[in-house]
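Visitor: Could you take me through this structure? I shall ask as we go.

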Amino acid sequence: MSKSLSILCIGAGYVGGPTMAMIARHCPEHRVTVVDIDAARIRAWQSDVLPIYEPGLKEVVQASLGRNLFFSTDIAGGIAQADIIFVSVSTPTKLFGEGAGRAADLQYWERTAREILTHATKDVVVVEKSTLPVRTAEAMERILRAGRPGIHFEVVSNPEFLAEGTAVHDLLSPDRVLIGGHDTAAGRQAVAAIADLYAHWVPRDRILTTSLWSSELSKLAANAFLAQRISSINSLSALCERTEADITEVARAIGMDRRIGPRFLNASVGFGGSCFRKDILNLVYLCEHYGLHEVAAYWEQVVRMNDYQEDRFVHRMITAMFNTIAGKRIAVFGFAFKADTGDTRESPAIRVCERLAQERAQLVVTDPQALDNARQELAARQVPAEFEADPCEAARGAHAIAVLTEWAEYEKLDYRRIFADMTKPAFLFDGRNRLNHPELHAIGFNVYPIGKPPLTHL
Ligand SMILES: NC(=O)c1ccc[n+]([C@@H]2O[C@H](COP(=O)([O-])OP(=O)(O)OC[C@H]3O[C@@H](n4cnc5c(N)ncnc54)[C@H](O)[C@@H]3O)[C@@H](O)[C@H]2O)c1
């Protein structure tokens, strides 16, 4: 058994919590501590009700909690003990000053670097877990090497590729683990130490080691490519609606081409989540910083296409419902940015609800996991809405249902009963194309999928 290490993670969020729980589970000889400035979040990790919803996560956490996995608010104490420090704090889009709306806001990141500098007591490997602009490690090293000549800080990049909703599976069986470091003796040693952790459960051939800069850029590039596929298929969904082509048939036909492949080709109301938008805008900002304006414009269009898709969805609702939705009750089915998560950050539902409220529709929002977050998101934007846990109740008396999240339970509802309780003519706008449209049409709904001809009775 290898030497017991003290592993610290700063940031107990969607990435820090699950990642460290997985490391603790598979590396019982090491002590893993996750710290955060948010005391309520730390308490939740220690409790029966975790601060985030993720299928299978509770079991993984409980397997190690109190044994070799600890959650704490003692950041200074944690740093003092640590041999390895993962930094997984948020890196949101900057909302002020230079680069506002595009650049990554690195204030939490830099604060963490200074905390490490102040409290470290021995040589330590600092691991960038957060998604960062390429060459951030350089800035981190400058800060870390400025003040403590007796201590060696080696910075390594290990971006996280997990997707919310499938985090446990993705961590357990990742396509690859990426570790970037300096091509020096200390750099190679630090990369090997991180690789050894993952090798407890990830096959060595899936552990990829690169330069620091390739590793940092690969994470931004992977998200940009994934989002680009969604924007590409969504751009074609608009053309399908004009030409009576069917986006599902088109996606199937192109997805069977092995060079293209079937994944990330579901047309929808748009992508959301805390990462795609901010990471692409960050890439755009970086390209502009380096004077690569055409490259910046190319990637920026991926984000613009997503805004367009959200707006187009609302526009279609308004025109279908006789050009006015003022005073009409609309049941919003799903507020999370995707199924199997309670996360609503950058969810398409936010913009769609904002637009619907501007048209003075009466909104009733339902979601199996995200109602509290939905309440907060809409309150912050002063969007009036009711919140209802039961989708059948939400639809009672409604003129329309807008499906915005692909929760599997929405496919199994009793739509005959729902239809009976709705105002007629009843409309259903499927922003995820997951429901059985001919069946809904037969029940009596006027059905509007994405990228397909509507099925109406009008
Ligand atoms: N959410 C995802 O699916 C995902 C996937 C891959 C990568 N990432 C990246 O991982 C990073 C973290 O994302 P997340 O979704 O876990 O964010 P999050 O907001 O859920 O968690 C970040 C945590 O960091 C804490 N924090 C901030 N400043 C701190 C400080 N100075 N000291 C201690 N704690 C501090 C916050 O309180 C918060 O709990 C981001 O860079 C993100 O881009 C996210």
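Guide: Strand β12 (residues 400-403) and β13 run parallel and are joined by four bridges. Strands pair if DSSP finds at least two bridges between them, and strands (E, at least two residues) and helices (H or I, at least four) are DSSP runs numbered from the N terminus.

Visitor: Which residue of β13 stands opposite Val-403?
Guide: Asp-430 in β13 stands opposite Val-403. From β12 the chain passes through helix α16 (residues 415-420) to β13, a right-handed β-α-β crossover. Right-handed signifies that, with the strands pointing away from the viewer, the path from the first strand over the helix to the second runs clockwise.

Visitor: Before going on, what sort of model is this?
Guide: This is a predicted model, in which local features need pLDDT of at least 70, side-chain atom pairs count only at pLDDT 80 or more, and totals for chains, interfaces and linings use all residues. Residues are numbered from 1 along each chain as its sequence is written.

Visitor: Back to β13, then. Which strand is joined to β13 by four bridges and lies in a β-α-β unit with helix α17?
Guide: That is strand β14 (residues 446-449), which runs parallel to β13. Asp-430 has Pro-449 as its bridge partner in β14. With helix α17 (residues 437-443) between them in the list, β13 and β14 make a right-handed β-α-β unit.

Visitor: Are the faces of β13 covered or open?
Guide: Both faces of β13 (residues 427-430) are covered, with Phe-427 and Phe-429 buried on one side and Leu-428 and Asp-430 buried on the other. Buried means 20 or more other C-beta atoms within 10 Å of the residue's own, exposed means 12 or fewer, and partly exposed lies in between, with C-beta atoms placed from the backbone.

Visitor: And Leu-5, buried or exposed?
Guide: Leu-5 is partly exposed, because 17 other C-beta atoms lie within 10 Å. Leu-5 belongs to the segment before β1 (6-10).

Visitor: What does Leu-5 touch?
Guide: Leaving aside residues up to four places away in sequence, Leu-5 touches His-30, Asp-83 and Ile-84; contact requires C-beta atoms, placed from the backbone, within 7 Å. The C-alpha atoms of Leu-5 and His-30 are separated by 4.9 Å, although these residues are 25 apart along the chain.

Visitor: Changing topic, which residues come nearest to the ligand?
Guide: Gly-11, Gly-13, Tyr-14, Ser-130 and Thr-131 do, out of 26 residues around the ligand. A residue is counted there if its C-beta atom, placed from the backbone, lies within 6 Å. Helix α5 (residues 107-119) gives the most to this shell, with three residues.

Conventions. Two residues are in contact if their C-beta atoms, placed from the backbone, lie within 7 Å.
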